[in-house]
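Student: Could we go through a model together, with you showing me how each label is earned?

Tutor: Gladly! Have a look at it first.

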Amino acid sequence: MQDLRYAKVSTVDDAVAALQAGGSTARVLAGGTDVIVQARARTRAIDMLIDIKGIDEVLQVAFDADGGLTIGAAAPCYRIYGDADVREHYPALIDCSTLIGGTGVQGRASLGGNLCNSSPSGDSIPAMIVLEGRAEIAGPNGRRTVPVEDFCTGPGRNVLEPGELLVSIHFPAPAPNSGAAFLRFIPRNEMDIAVVNAATQLRFDGDTVSWARVSLGATAPTPLFVTAAGEALVGAALSDETIAAAAAASKAAASPIDDMRGSIKQRKHLSAVYTQRTIAIAAERARG
Amino acid sequence: MSDKIIVSATINGDPTDILVSSRDSLLEALRERAGVLGVKEGCNDGNCGACSVLLDGRLVNSCLVMAAEVEGSDVTTVEGLAEADHLHPLQQAFLEDAALQCGICTPGFLVAAKALLDENPSPSEHEIRYWLAGNLCRCTGYDKIVRAVQHAAETLQTTS
Ligand SMILES: Cc1cc2nc3c(=O)[nH]c(=O)nc-3n(C[C@H](O)[C@H](O)[C@H](O)COP(=O)(O)OP(=O)(O)OC[C@H]3O[C@@H](n4cnc5c(N)ncnc54)[C@H](O)[C@@H]3O)c2cc1C
Ligand code: FES
Ligand code: FES
């Protein structure tokens with residue numbers, strides 16, 4: 001590995017100061033499952049890692065029936081899927097945190113790192129979008145929050161300004177009669193990068209879908225919040241027609257690329273299929 | 001620039017101070033600075049599991065941990081599994097069931113399987129395969145490894 005310094009901070013203010021002092025070649029170190037590989041690859045100039053795992057706030061997994069769920073930016077996957085409240089109230093977060101890498105990666109990898117790495121295929125991002133996640137960011141000018149769907153701005157790029165770090169992601173308490181699900185398509189059973197991934201959250205008022213959110217990943221430069229797919233579902237009971245309309249909206253929103261994992265045609269098709277499948281699971285979960 | 005750092009950690013039960021570079025991974029520090037050679041390097045990017053260790057009881061890939069991060073932590077490698085002259089039941093089962101050929105993946109599988117059995121003493125075949133999905137083996141075809149883990153789980157349950 002090239003030259004690389006390491007510093008551990010124990011407060012958010014110290015992290016901001018260290019990021020400012022380190023400049024553009026300093027990076028936050030959460031679980032390291034992306035950034036250590038990147039530092040070693042020499043493709044990105046990284047000469048300083050700022051370990052934020054000494055900060056309590058970035059390690060929390062805290063649920064409150066009224067306030068909702070706050071997940072610290074560096075809380076590793078195994079703590080998320082090991083948390084009884086998350087299992088009960090946010091199964092879509094279990095769907096994604098159990099399939100990021102293998103067990104060893106899940107011992108370290110965080111949802112905050114997944115979001116800040118801002119890969120179009122980041123597996124936690126569609127679930128966080130449909131769950132109305134809000135990213136709490138700290139920086140030289142204090143704190144601000146950004147909806148997860150507005151966080152990524154391009155492959156590997158996001159809204160973080162110099163000196164800023166992600167502190168936590170907050171999710172509202174789930175509404176009654178609601179359910180959410182995440183799925184991804186990969187050619188094998190585990191340990192691969194998504195060809196397409198998708199998430200849906202639904203709320204019902206009786207049989208009528210009263211509210212819906214759909215998100216897609218690996219189909220555009222950033223994970224997509226597909227508002228048209230949600231709108232296609234709202235105001236009627238779920239039927240083959242409304243589900244087909246939502247799937248068509250996802251397919252239309254997807255603007256994927258051809259690469260070794262999949263073609264444009266296949267990804268377009270999968271966008272529709274995975275929208276349908278996540279709607280079905282979300283509906284099942286809503287009915288409990 | 002990289003810094004020289006002294007990292008104090010408990011490695012396989014022994015409190016140890018190691019002089020590392022701030023650019024060392026835990027894998028490099030274990031093999032090149034602490035002489036703990038049971039931990040193997042395969043891919044060096046998180047994909048093969050040959051470098052699996054327990055960090056404070058949690059399974060991680062040591063190639064994706066900075067050495068400086070383990071200050072004050074507990075690190076267990078394959079060397080920490082046997083007790084004195086007695087192989088760990090997993091090691092015994094891997095031998096008896098021929099769950100290895102070239103052996104480069106074996107220390108990682110043993111450590112990963114120990115983490116599984118610590119958490120889930122009687123895993124199903126599916127749970128074993130899923131848990132070990134981050135460990136690659138080019139020789140055995142996995143079936144014998146899965147059987148050895150099942151065998152060790154049985155041994156551990158009857159002896160405990
Ligand atoms: C073998 C393997 C398999 C993988 N499989 C998957 C998979 O199936 N699905 C998937 O989506 N990803 C996968 N990944 C990628 C990676 O594990 C995930 O993206 C993970 O969630 C990253 O989290 P981390 O905590 O390790 O991030 P880190 O590597 O610590 O950080 C990632 C990036 O975000 C920045 N960052 C981290 N935290 C913050 C913060 N709080 N504020 C500001 N910037 C921050 C870092 O500087 C870095 O640029 C895999 C990686 C490996 C090695
Ligand atoms: S050497 Fe660490 S996972 Fe392959
Ligand atoms: S025994 Fe050779 S790679 Fe597993």
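What follows is a set of questions about the labels used for this predicted model.

Student: Let's begin with the cysteines. Why is A:Cys77 not in a disulfide with A:Cys96?

Tutor: A disulfide needs two cysteine sulfur atoms within 2.5 Å. The closest cysteine sulfur to that of A:Cys77 belongs to A:Cys96 and is 7.4 Å away, so the pair is too far apart for a bond.

Student: And how many disulfides are counted over all chains?

Tutor: By this rule, the count over all chains is zero.

Student: What makes A:Cys77 buried or exposed?

Tutor: Buried means a relative accessible area under 20%. A:Cys77 has 0%, so A:Cys77 is called buried.

Student: Then why is B:Cys43 called partly exposed?

Tutor: That label covers values between the buried cut-off, under 20%, and the exposed one, over 50%. B:Cys43 has a relative accessible area of 29%, and therefore B:Cys43 is partly exposed.

Student: How do you know whether A:Ala252 is buried or exposed?

Tutor: Try the same test: exposed means over 50%. With a relative accessible area of 61%, A:Ala252 passes, so A:Ala252 is exposed.

Student: Where in chain A is the place of A:Ala252?

Tutor: A:Ala252 belongs to helix α10, which covers residues 240-253 of chain A. Its C-alpha atom is separated by 9.6 Å from that of A:Val226, a residue 26 positions apart from A:Ala252 along the chain.

Student: Now the ligand. Where does ligand 1 lie, and how many residues surround ligand 1?

Tutor: Ligand 1 sits between chains A and B. Around ligand 1 there are 33 residues, and A:Val28, A:Thr33, A:Asp34, A:Ser110 and A:Asp123 are the closest.

Student: What makes the pairing of A:Val35 with ligand 1 a polar contact?

Tutor: The cut-off for a pair of N or O atoms is 3.5 Å. A backbone N or O atom of A:Val35 lies 2.7 Å from an oxygen atom of ligand 1, which is within that cut-off. A:Gly31 also has a backbone N or O atom 2.8 Å from a ligand 1 oxygen. For A:Leu166, a backbone N or O atom is 2.8 Å from a nitrogen atom of ligand 1.

Student: How much of ligand 1 does the protein bury?

Tutor: Taken alone, ligand 1 exposes 990 Å², and the protein buries 92% of that.

Student: Which element gives the largest share of the shell around ligand 1?

Tutor: That is α7(A), with four residues. By class, the shell holds 15 nonpolar, eleven polar and seven charged residues.

Key. Residues numbered from 1 in each chain as written. Chains lettered and ligands numbered in written order. Predicted model: local features only at pLDDT ≥ 70, side-chain atom pairs only at ≥ 80, totals over all residues. Heavy atoms only, no water. Buried < 20%, exposed > 50% of the residue type's maximum accessible area, 1.4 Å probe, protein only. Helix = DSSP H or I, 4+ residues; strand = E, 2+ residues; numbered from the N terminus. Near = heavy atom within 4 Å. Polar contact = N/O pair within 3.5 Å; in protein donor to acceptor, adjacent residues only side chain to side chain. Areas by Shrake-Rupley, 256 points an atom, 1.4 Å probe, with all protein chains shown as cover. Nonpolar A, V, L, I, M, F, W, Y, C, P; charged D, E, K, R; others polar.
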